[in-house]
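Thank you all for making the time this morning. I would like to walk through one model with you, going from the surface to the interior, so please keep the picture in view as I talk.

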Amino acid sequence: MEVKDRFDEIFSIEVEGWCYGIQNYPGEVFPGLIHAVIRELKPSYKAAVQHFLVFDVLAVSKNLSRASKYLVHEKEIAFCVLAQLPNPSELDEDEQFVLAQIIDQVEQAYGGALERLQRKWAYERRLEQEEAA
């Protein structure tokens, strides 16, 4: 699958911009700040999936960890990024394939990624069903 609309360039620039912002943050960098940045990127993760971009979660995690002067470990960042990914029920088949490839990177590196996400998605489904009832 080919990346649509050169989104790989847009995504790379956005992540680099956030890393630059963290490195040059005028105050004290703290874990909550890094987690806020990761949450701020949530729309970009979804857009990446929709544009068929299998972005490198491990590289993003490494760059954010380095920008934070290793205050937050790469593994923690990787799992936090995964938690921001869209629910597969919201995606079409091609997007689900891209999502699976993104998740698989973290699963191969650390293990347990898919299990955590399946629990999260099951919880979200239960909430939706309760709200619908």
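Let me begin with Leu-71, which sits in the loop that runs between α4, residues 57–67, and α5, residues 74–84. Before going further I should say that this is a predicted model, and everything that follows should be heard with that in mind. With a relative accessibility of 42%, Leu-71 counts as partly exposed, because that class covers the values between under 20%, which is buried, and over 50%, which is exposed. Together with Tyr-25 and Phe-30, Leu-71 makes up a nonpolar patch on the surface, and the accessible area of these three residues comes to about 270 Å².

Tyr-70 is also found in the loop between α4 and α5, and its backbone deserves a look, since Tyr-70 is not a glycine and yet has a positive phi of about 60°. Tyr-70 counts as exposed, at 53% relative accessibility.

Where else does a residue that is not a glycine have a positive phi, of about 55°? That residue is Asp-5, in the segment that precedes α1, residues 7–23, and with a relative accessible area of 61% Asp-5 is exposed.

Asp-5 brings us to His-51, because, once neighbours within four places in sequence are left aside, the residues in contact with His-51 are Glu-2, Val-3, Lys-4, Asp-5 and Phe-7. His-51 itself belongs to the loop between α3, residues 42–50, and α4, and at 18% relative accessible area it is buried. A polar atom of the His-51 side chain lies 2.7 Å from the backbone oxygen of Ala-47.

A second histidine, His-35, is placed in helix α2 and is likewise buried, its relative accessible area being 16%. Which residues does His-35 contact, leaving aside its neighbours within four places in sequence? They are Val-72, Glu-76 and Cys-80. In the case of Val-72, the two C-alpha atoms are separated by 9.0 Å, although the residues are 37 apart along the chain.

Cys-80 leads us, finally, to the interior side of α5, whose buried residues are Ile-77, Ala-78, Phe-79, Cys-80, Val-81, Leu-82 and Gln-84. In an α-helix there are 3.6 residues a turn, so residues three or four places apart point the same way. As for their surroundings, the buried residues of α5 pack against α2, α3 and α4, and also against α6, residues 93–110, and α7, residues 113–132.

Note on methods: Residues are numbered from 1 along each chain as its sequence is written. This is a predicted model: local features need pLDDT of at least 70, side-chain atom pairs count only at pLDDT 80 or more; totals for chains, interfaces and linings use all residues. Side-chain values use heavy atoms; hydrogens and water are left out. Patches are made of residues with over 30% relative accessible area and no salt bridge: like charges are joined within 9 Å, nonpolar side chains (Val, Leu, Ile, Met, Phe, Trp, Tyr) within 5 Å. Accessible areas come from the Shrake-Rupley method with a 1.4 Å probe; for residues, only the protein chains shown count as cover. A salt bridge is a side-chain nitrogen of Lys or Arg within 4 Å of a carboxyl oxygen of Asp or Glu. Helices (H or I, at least four residues) and strands (E, at least two) are DSSP runs, numbered from the N terminus. Buried means under 20% relative accessible area, exposed over 50%, partly exposed in between (1.4 Å probe, protein chains only). A polar contact is a pair of N or O atoms within 3.5 Å; within protein, one must be able to donate a hydrogen and the other to accept it, and residues adjacent in sequence count only if both atoms are side-chain atoms. Contact means heavy atoms within 4.5 Å.
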